[in-house]
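The following exercises are to be worked through with the sequence and the structure at hand. Each task is followed by a solution in steps.

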Amino acid sequence: MNVCPVLLLKISVRNDMKLEYDPGLIEEVIFGELKAREANGDFSFSQEYHSSADPVYENFPFDERSVQFKKIEWEFFKKLDFSKVIKEIFDEFPELEGRAAGGVIARAVNPFDEGSYLSKGMNQDVGQRRIVVKLLSDRFREIPYLKKLVRHELMHASDMLNEAYGYRDERLGGNPMEESIVKERYSTFWDIFVDGRLIRAGRETISDKESRYREFD
């Protein structure tokens, strides 16, 4: 995944983790916000955006415009407090400190693509592992659910980084169909385990006990 260097956000409140954002996700979020506000009759945000973006065409050559647009989109992303929301959820998991080199908030292409996994550095050093959370851009228009979803995924990441949990990234089943069935059922158990602990801790998550029971059934 290519992550633009200008979009690097360093967290320093509870840990020294770095968060990186997929420029494609940020672009989708900003343009989705523009479209949603215009649909509600609010054009002030669009006017503000264009007052920053339109001069790029006059002041920068063609090959430099893409970087400038990304910088502007990143500034608006921060202005809308979206980066703050993500940072606050990461701050709820101080146990991640020292276990991961950072996090990446990436664009999911569909609901089935959403989720989290661990990415390693080029040298495959354990200390270079990063937490990748893939999200749909629409999630940023429903902040309460976004918080629940990211919290749920970071609980998964916490398990993956906890040696006592025993997570292993390996093939399951004898063939692709069998592996898909095993993964689906294992995922159900894991989601129940994740949400159960969050609920007992008094923290909001994406599903309650009754919904998980129906899913299990």
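**Exercise 1. The protein as a whole**

What percentage of the 217 residues in the protein is buried? Describe also the order of helices and strands and the exposed surface.

Solution.
Step 1. The structure is a predicted model. A residue is counted as buried when its relative accessible area is under 20%. By this criterion, buried residues make up 40% of the 217 residues.
Step 2. The protein contains eight helices and five strands. Followed along the sequence, these elements give the pattern β-β-α-α-α-α-α-β-β-β-α-α-α.
Step 3. The surface that the protein exposes amounts to about 12,900 Å², and 49% of it is supplied by carbon and sulfur atoms.
Step 4. Consider the contacts in the protein with a separation of 6 or more: residues 24 or more positions apart account for 64% of them.

**Exercise 2. The buried face of a helix**

Determine which residues of helix α2 are buried, and explain how they are arranged.

Solution.
Step 1. Helix α2 spans residues 44-53, and its buried residues are F45, S46, Y49 and A53.
Step 2. When α2 is seen down its axis, these buried residues fall within an arc of 100°, so they line one face of the helix.
Step 3. A general rule is useful here: an α-helix has 3.6 residues a turn, so residues three or four places apart point the same way.
Step 4. The partners of this face can now be named. The buried residues of α2 pack against α1 (23-39), α3 (56-59) and α4 (62-79).

**Exercise 3. A covered helix and the loop before it**

How many of the 10 residues of helix α5 are buried? Examine also D81, in the loop between α4 and α5.

Solution.
Step 1. Helix α5 covers residues 82-91 and is mostly covered, with seven of its 10 residues buried.
Step 2. The buried residues are F82, S83, V85, I86, I89, F90 and D91.
Step 3. D81 belongs to the loop between α4 and α5. At 39% relative accessibility, D81 counts as partly exposed.
Step 4. The backbone of D81 deserves attention: its phi is near 70°, a positive value in a residue other than glycine.

**Exercise 4. Contacts of helices α6 and α7**

Is H152 buried or exposed? Which residues does D191 contact, leaving aside its neighbours within four places in sequence?

Solution.
Step 1. H152 lies in helix α6, which comprises residues 143-160. Its relative accessible area is 2%, so H152 is buried.
Step 2. With neighbours within four places in sequence left aside, H152 is in contact with D191, V194, D195, L198, T205, I206 and R212.
Step 3. D191 is found in helix α7. D191 has a relative accessible area of 12% and is therefore buried.
Step 4. Under the same exclusion of sequence neighbours, D191 is in contact with H152, H156 and R212. D191 and H156 are 35 residues apart along the chain, and their C-alpha atoms are separated by 8.2 Å.
Step 5. E179 is also placed in helix α7. A relative accessible area of 10% makes E179 buried. Not counting residues up to four places away in sequence, E179 touches R171, L172 and G173.

**Exercise 5. A loop residue**

Where is D138 found, and how far in space is D138 from L25, C-alpha to C-alpha?

Solution.
Step 1. D138 is found in the loop between β5 (130-135) and α6.
Step 2. The relative accessibility of D138 is 47%, so D138 counts as partly exposed.
Step 3. D138 and L25 are 113 residues apart in sequence, yet 9.9 Å apart in space, C-alpha to C-alpha.

**Exercise 6. The largest pocket**

State the volume of the largest pocket and describe the residues that line this pocket.

Solution.
Step 1. The largest pocket has a volume of about 1,400 Å³.
Step 2. Its lining consists of 33 residues, of which S116, H156, Y167, S187 and W190 lie nearest the centre.
Step 3. At least two residues of the lining come from each of β4 (115-119), α6 and α7 (176-200). Helix α7 supplies the largest share, seven residues.
Step 4. By residue class, the lining divides into 13 nonpolar, six polar and 14 charged residues.

Methods. Residues numbered from 1 in each chain as written. Predicted model: local features only at pLDDT ≥ 70, side-chain atom pairs only at ≥ 80, totals over all residues. Heavy atoms only, no water. Buried < 20%, exposed > 50% of the residue type's maximum accessible area, 1.4 Å probe, protein only. Helix = DSSP H or I, 4+ residues; strand = E, 2+ residues; numbered from the N terminus. Arc of directions from axis to C-beta. Contact = heavy atoms within 4.5 Å. Areas by Shrake-Rupley, 256 points an atom, 1.4 Å probe, with all protein chains shown as cover. 1 Å grid on protein atoms, 1.4 Å probe; cavity = no way out; pocket = protein on both sides within 12 Å on 5 of 7 lines; lining within 4 Å. Points joined across faces, edges and corners; volume = space filled by probe spheres on them. Nonpolar A, V, L, I, M, F, W, Y, C, P; charged D, E, K, R; others polar.
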